[in-house]
Amino acid sequence: MISYLVATLIPLFLVCIGAFVVLSMSSSFITYSNNITASFVQSSFHDVLSRINEIKAEIVVDTDFDKVRDMNDISEVSSLDLFYSSSDIRRLEQSSSKVKELFLYSPAKDWYISNQSWGGTNEMAKSLSLSSDNAESESILREEIWDVRLYDLSEDKILILMPLSYIRSLNSNYVSVGIVVSKNDLFPSVIDEFHDVVIYNEKTGSLVYSLSGKIDESILSSLDFGTTKNVGNYIISVSEESIMDLKSIVVINKIIYFHDYYVLIGVIVLILLVAIAFGLFLTLRIVQRDWLHFQAAAEASGVDLEKLPSGQGEYAPFVSSVSDLKAQKEELSHMVSKQRKSLQESAFRKLLNGDATVTKETLSALGVEILSECFFVAMCQSKEKDASEYLKEILDDSSVFPFQSEYGEVFIINVQETKDEGFYDSLMERVEKDEVLSSLSVSLIHRGLESIRDCYLEAISVNEYQKDHDISYLSYAKLLSTTRQNTYQFTLEENMLLQKTIKEGDGENAKALVNKIIDRNRGNGVSPKMLRFLLFNISGTIIRTINSLDTCYSEVIPEISFPPILQSQNFQKSLLGVEEVIDSTCYSIKAIKDSSVDQSSETYQVYKKVLDYIHDNYGDSMMNVSSIADNFGISIAYLSRIFKKYHRINISEYVTSYRLDRAKTLLSEGMMVGEVVDACGFGSLRTFLRVFKNVEGITPGQYKSSIGKEN
C-alpha cells in the first residue's frame, strides 16, 4: 500500500521539478528557435517577392502591355486590347501557384485591369473589401505608392501593392501592381499563436505589416540584420538580409509565452497536493479492484487460491501485469481490425479499376468470405439508418462490402445465386416502402470477380440517368427496358456545322452545339452508355477537323489529348475534357487568323529559324532566351516580341514546354529519369522534378509508372 502510494506521488514530483528546469532553460532555447523561425520567414517572403518581381519584369518587357502602361484613361483603349491584357494577366497569374489574384491599376489615372474585368479603382476597392469601410479601401488604391504595401484581405489572404517600376521615367502613369497571396505561402507554417511576424521598411523607418497588428513600432527601429535580442518583454529576431529594403522580423512576447508554463506548474502542484490527500484512499480502492482481477484470472487458469500464500499485497504487481496485457491485447486487436479493413477496401478498389491480380484467394486471406461467383453493385444514400446495415437486413442471404467513392456510398454485394428479373422489382418495392434510403442505383448481377468493374460502371450509368430524370430508385435492368440502347442522333448537318465552327475558331458556339446534341439525346431517353458512344463519335469529328487544320498550320495547332470517354466513370468530366480541347484548338485558330502571318516577311523567317534552333538544341542546358538572342545577333526584347507575335506564348514558356514534351516521350519509351534530365537540357534533377510537378501535377516517376500501366 505504501509502495503504491509512493509510486503515485514520485512521478508527479519529478514532473514538477522538470517543469521548473524547463522554465529556466527556455529563454535560451526560445532565442535560438526564434532565430531559425526568422530564417524560415525570410525564405518564404523572398520566394513570393521574387516571383512577383518576375511577373513585373514580364509586364514591363511584354509588348502586349504597351497600350495599357501608356494609357491615361481606360476609355481610350479598345475593349479587345483590354481583353487581351486581361488574358495575359490571367496567364501570369496562373504561372505561379503562390499568386492567387493579380491586377494592374493606376491610382493617378483611376483605372484597373484584373484577370476578368476592368474599370475604375472604386470598383476594384469594392471587390477587394480591404476593410469594412469601402471609402477607406478606395483611398488605399487611389494613393500613389513607391514602396511595398501589405494589407489583410481575410484570415488567409494578403494583398501586396507595389509600383510596376521604381523608376519614375518608366512609370509615368504611376502604374502599380496588386497581388493577392496566401498567408501560408507568405509566412511558413512554423508561425503559431505565440509569434508575430513583422515586415519593417528599413529605408523609410516605418512598419509595413504586422501579422497580429499589436506590435509597438518603437522597438523596431534599432535592430541589426541576423541578430536576436531581448527588448523589454519581447524576444526579437531579424532576418539576415533585407528584401527590397524590407526586414523580416519575428517577435515573441515572453509574458504571454511563459504564462502557460506558470499555469502548468500551478496545475502540477495542485495535482500533487490532491494526490497526497487522496492517495491512501485511491490506493486502497485500486488494490481491491486489482485483487478481483487477479482472482478472476487465477480461477480461469485453474489456480487454487487457498494453496497460495496469504497477503493480497504480494500479488499487486502480477495483477497490474494482467491488466496491462489485457489492454495491450485489445489495442492490438483494434489495430489489426483497422488494417484488415483498409486492405479489404484497397482490394475492392483494384477490382473496380479492372485489376486482375486480385483473386478469390487474395480476398480470403484478407478475411473476405466469398459466397458465390455472383456480384452486383448498389449506390445509395440513407436518410437515417446506416445503409450498410439496412442492405444486410433486406439481403440476408448475401454479403455486403461497403466503400466510399466520388458518387457517395457504394456497396459490392455478393449473392448466393443468380436472381431472376423479379428480384430487382421486389428489391425496389421493399426499399421504397421502408423509406430508409433516399436513393438507390443497382447494376445487373454478373459472374466472376473480373465482372465487378462492369457492375460498377452499370451502377454509375443508372446513377447518372436518375439525376437527369429525377428518379429515386432504379435498376440497370429497368434502365435497359425503358431506354433506347442502340440509337442516338448525330446528324450529318450537325457534324458539318461542328467542323465549320471549329475551323472558324468559334469555340463558344462549338461547345454550345455539342451540349445541345447531348441534351437532345438525353431528353429523348438515350441511356448514359449510349451517351458515351455519342460523345466518342463527336470527339472523332473534332479529331478529324484538327488533323485537317494541322496540315495548314503546322506546329501551331496544339497537341490534343482526349479523356478515356468509353471507360470513364464520370460522363460530366469527359464532356468537360472535350470542351477543353475545343477551347484550346479554337483559341489557337483565332490567334492565327488575328495575327495574319506573312510567311515571306523577314520577322517570320527569323521566327522559323529560332523555332528550328530550339528543336535542334533543346538538350543543351545552357540554351535560354539570352543565348538564343546572342546566336541570332538580336536583342532579347526583339526576340520575345516576334516569337510572341507568331506563337502566342513567350519563348521561355515554349522552351520549357518543348523540353517537357520531349521528356514525357522519352519516359514513355522507358528511359530513366536521370538520363531524361541530361537529354532534355534541364540542368539538374531538382529543376526537372520541380518543373514537371508544377506542370503535370505528378512526379516523373509517377508519370512513368502510369504510362507503364496504360501500356
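# Rings, sheets and cysteines in a predicted model

Modeller: Ring pairs join Tyr604, Tyr607, Tyr618, Phe643, Tyr654 and Tyr658 into a cluster, and I should say at the outset that this is a predicted model.

Biologist: OK, and how many aromatic pairs are there by this rule?

Modeller: The count comes to 15 aromatic pairs. One of them is Phe376 with Phe423, whose ring centres are 5.9 Å apart and whose planes stand at 70°, so the pair is edge-to-face, given that planes over 60 degrees apart are classed that way.

Biologist: Where do Phe376 and Phe423 sit in the chain?

Modeller: Phe376 belongs to strand 12 (residues 374-382) and Phe423 to helix 11 (residues 422-434), so that the pair links distant parts of the chain, 47 residues apart.

Biologist: Phe376 and Phe423, buried or exposed?

Modeller: Phe376 counts as buried at 1% relative accessibility, and Phe423 is buried as well, with a relative accessible area of 11%.

Biologist: Back to the cluster for a second. How are the rings of Tyr618 and Tyr658 arranged?

Modeller: Their centres lie 5.4 Å apart and their planes are at 75°, so this pair is edge-to-face. Tyr618 is in the loop between helix 18 (602-617) and helix 19 (625-632), while Tyr658 is in helix 21 (residues 651-668), so the pair ties together parts that are 40 residues apart in sequence. Tyr618 counts as buried, at 15% relative accessibility.

Biologist: Zooming out, how many helices and strands are in the chain?

Modeller: The chain has 24 helices and 17 strands. Of its 711 residues, 42% are buried, and among contacts with a separation of 6 or more, 63% are between residues 24 or more positions apart.

Biologist: Sheets next. What is the strand order in the open sheet of 6 strands?

Modeller: The order is 3-2-1-6-5-4, with antiparallel pairing, and the edge strands are strand 3 (118-119) and strand 4 (149-152), each of which pairs on one side only. Within that sheet, strand 1 (residues 99-106) and strand 6 (residues 176-182) pair in the antiparallel sense over 6 bridges, and Tyr105 stands opposite Ser176 in strand 6.

Biologist: And which strands does helix 3 lie across?

Modeller: Helix 3 (residues 79-94) lies across strand 1, strand 2 (111-114) and strand 3, and runs at about 145° to strand 1.

Biologist: What about the open sheet of 5 strands, what order is that in?

Modeller: The order there is 8-7-11-10-9, and the pairing is antiparallel. Strand 8 and strand 9 (228-231) stand at the edges with a single partner strand each, so one side of each is left without a neighbour in the sheet. From one strand to the next, the twist averages 30°.

Biologist: How many bridges hold strand 7 and strand 8 together?

Modeller: Strand 7 (residues 195-201) and strand 8 (residues 206-210) pair in the antiparallel sense over 4 bridges, and the bridge partner of Val198 is Ser210, in strand 8. The two strands form a hairpin with 4 residues between them, and Gly205 in the turn has a positive phi of about 65°.

Biologist: Switching to helix 4, which of its residues are buried?

Modeller: In helix 4 (residues 121-128) the buried residues are Thr121, Met124, Ala125 and Leu128. Seen down the helix axis they fall within an arc of 100°, so they line one face of helix 4.

Biologist: Why would residues three or four places apart point the same way?

Modeller: An α-helix has 3.6 residues a turn, so residues three or four places apart point the same way. On the face of helix 4 turned away from its buried side are the exposed residues Lys126 and Ser127.

Biologist: Last topic, cysteines. How many disulfides does the structure hold?

Modeller: The structure holds 0 disulfides. Cys374 is in no disulfide, and the nearest cysteine sulfur, that of Cys455, is 9.9 Å away.

Biologist: Why is there no bond from Cys455 to Cys374?

Modeller: The closest cysteine sulfur to that of Cys455 is the one in Cys374, and at 9.9 Å it is too far for a bond, since a disulfide needs the two sulfur atoms within 2.5 Å.

Biologist: Are these two cysteines buried or exposed?

Modeller: Cys374 is buried, with a relative accessible area of 2%, and Cys455 is buried too, with a relative accessible area of 0%.

Conventions: Residues numbered from 1 in each chain as written. Predicted model: local features only at pLDDT ≥ 70, side-chain atom pairs only at ≥ 80, totals over all residues. Heavy atoms only, no water. Buried < 20%, exposed > 50% of the residue type's maximum accessible area, 1.4 Å probe, protein only. Arc of directions from axis to C-beta. Phe/Tyr/Trp six-rings, centres within 6.5 Å; stacked < 30°, edge-to-face > 60°. Pairing = 2+ DSSP bridges. Axes fitted to C-alpha atoms, helices over the stretch in contact; angles between N-to-C directions. Contact = heavy atoms within 4.5 Å.
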